[in-house]
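Trainee: I have just opened this one and would like to walk through it slowly. Could you take me through it?

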Amino acid sequence: MQNMLSKTRKSDIWVGSEWGTLKEVIIGRADQLAYPVIGKTLASRMGIFNKEDRDKIMVNSGQSFADADPVRFKKINQEVEDWVKLLEARGIKVHRPRLLTEQELLYKESGIGSLFVKDPLSVVGNIVIEGANRFPMRHKDVFTYRHILNERVAGTDAKWVNIPMPETDVGCSEGGQGPFLTGGDIFVMGNNNVLLGYNGIDSNIKGLQWAADLLHSQGWTVHFVEYSPEVMHLDCCLSLPREGLALVCLDAFPHGLPDLIKDWDIVNCTLEEARIDACNGLPLGEGVYAMSTEFKHIGDKLEAKGIEVLYTDMTETNHATGGGMRCSHAALVRED
């Protein structure tokens, strides 16, 4: 045991930018997907959904997708598995989370969103960061992928860091003191730059400050942008298909774009499109970008900028859950 613990092997875990060539990734699964319980915290934030999708969430609060809408549930599962096939067809190594046990399903509160592994899990350089969403139902997500991190990260020189356990209060609109931090508000911008986003929906200032302190201590330059509370996360209104080109919802940045991208080439989308994840595609590297077929009219604009766009249908996933391709992934290796 002593000899084993004294040895640390070099890790290949690395994400230096959003647009680096994707080599290895975790993609969530929809098997146990459930609608969230509509407590005070989420009720005060339902404006992030378009009306049709918001109404379905309200009606089905706390129910599993399999029970509430089996036809839609089947379609979401098919979309996710087709998304995995697209990645594997390009030679990308894809890990999948495990299912939660019956006991784990009861943890904290009803509902599960472990399709969206980006929310609790981010990699910045060789730092593996586990955050904590504002909504307690999401705190059980970490159980589903820990076996992957134990295999890929434990015993290496990669740094595996967890945010302090958040103080939660489902009876108040703010959800408690936190700290709360979601990977949807973390963008790796190349050249040891990181962009953190805030809109008061999920990450709070305490969580973002914790992340900034951590990243500063490891030599990263941290930038900050405030964006509209009419979308869920920063990755609902910003995507970076390649360095120098951004897909954004300009209406979601009332104070202007981050300085890091203010001089970049821009493809814009509407706020209504951003709410259904028009910006939640995924850069695969070398100018290749994956997005849902629903947004081909936006993909055409990206292609005019020299991007190769790969399509697979994520329409039901985008509308039913508020999440998309980027939300469903946690990159472990991107080559610069």
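Mentor: Gladly, and one term comes up at once: helices and strands here are DSSP runs, with at least four residues for a helix and at least two for a strand, numbered from the N terminus. Please also keep in mind that this is a predicted model.

Trainee: OK, so in which strand is Asn268?

Mentor: Asn268 belongs to strand β11, which covers residues 265-268.

Trainee: And is Asn268 buried or exposed?

Mentor: Neither word fits, because Asn268 has a relative accessibility of 35% and therefore counts as partly exposed.

Trainee: What separation do the C-alpha atoms of Asn268 and Arg326 have?

Mentor: Those two C-alpha atoms are separated by 18 Å, while along the chain the residues are 58 apart. Arg326 is also worth a look for its side chain, since its charged end sits over the ring of Phe187, at 4.2 Å from the ring centre.

Trainee: Changing topic to rings, how many aromatic pairs are there?

Mentor: Searching the whole structure gives five aromatic pairs. One of them joins Trp14 and Trp220, whose ring centres are 6.5 Å apart and whose planes meet at 35 degrees, so this pair is classed as tilted.

Trainee: Where do Trp14 and Trp220 lie along the chain?

Mentor: Trp14 is in the loop between α1 (2-5) and β1 (21-27), and Trp220 is in the loop between α8 (205-217) and β8 (221-226), so the pair links distant parts of the chain, 206 residues apart. As for accessibility, Trp14 is partly exposed at 31% relative accessible area, whereas Trp220 is buried at 6%.

Trainee: What kind of pair do Tyr107 and Phe143 form?

Mentor: Tyr107 and Phe143 form an edge-to-face pair, with 5.3 Å from centre to centre and 65 degrees between the planes. Since Tyr107 lies in the loop between α6 (102-105) and β3 (121-124) and Phe143 lies in helix α7 (residues 142-152), the pair ties together parts that are 36 residues apart in sequence. Tyr107 is partly exposed, with a relative accessible area of 33%, and Phe143 also counts as partly exposed, at 23%.

Trainee: How many cavities of 30 Å³ or more turn up?

Mentor: There are four cavities of 30 Å³ or more in the whole structure. The largest has a volume of about 350 Å³, and 25 residues line it, with Pro36, Phe49, Arg138, Met232 and Thr321 lying nearest its centre.

Trainee: What sort of residues make up the lining of the largest cavity?

Mentor: That lining divides into 16 nonpolar, six polar and three charged residues.

Trainee: And what about the second largest cavity?

Mentor: The second largest cavity has a volume of about 90 Å³ and is lined by 13 residues, including Val15, Glu18, Lys118, Val123 and Val188, which lie nearest its centre. Its lining takes at least two residues from each of β3, β6 (186-188) and β15 (329-335), and it divides into six nonpolar, three polar and four charged residues.

Trainee: Last topic: how many residues does the largest nonpolar core have?

Mentor: The largest nonpolar core has 56 residues, and those with the most contacts inside it are Leu234, Leu238, Leu240, Phe253 and Ile261. Among the elements that give two or more residues to this core are α5 (70-89), β9 (238-242) and β10 (245-248).

Trainee: Which element gives the most to this core?

Mentor: That is β10, which gives four residues.

Terms used: Residues are numbered from 1 along each chain as its sequence is written. This is a predicted model: local features need pLDDT of at least 70, side-chain atom pairs count only at pLDDT 80 or more; totals for chains, interfaces and linings use all residues. Side-chain values use heavy atoms; hydrogens and water are left out. Rings of Phe, Tyr and Trp (its six-membered ring) pair if their centres lie within 6.5 Å; planes under 30 degrees apart count as stacked, over 60 as edge-to-face and the rest as tilted. Buried means under 20% relative accessible area, exposed over 50%, partly exposed in between (1.4 Å probe, protein chains only). A charge sits over a ring if NZ of Lys or CZ of Arg is within 6 Å of the ring centre and within 35 degrees of the ring normal. On a 1 Å grid over the protein atoms alone, a cavity is a set of points where a 1.4 Å probe fits but cannot get out, and a pocket is an open set with protein on both sides within 12 Å along at least five of seven lines; lining residues have an atom within 4 Å of a point. Grid points are joined across faces, edges and corners, and a volume is the space filled by probe spheres set on the points. Ala, Val, Leu, Ile, Met, Phe, Trp, Tyr, Cys and Pro count as nonpolar, Asp, Glu, Lys and Arg as charged, and the others, Gly among them, as polar. A nonpolar core is a set of buried Ala, Val, Leu, Ile, Met, Phe, Trp, Tyr and Cys residues joined through side-chain atoms within 4.5 Å.
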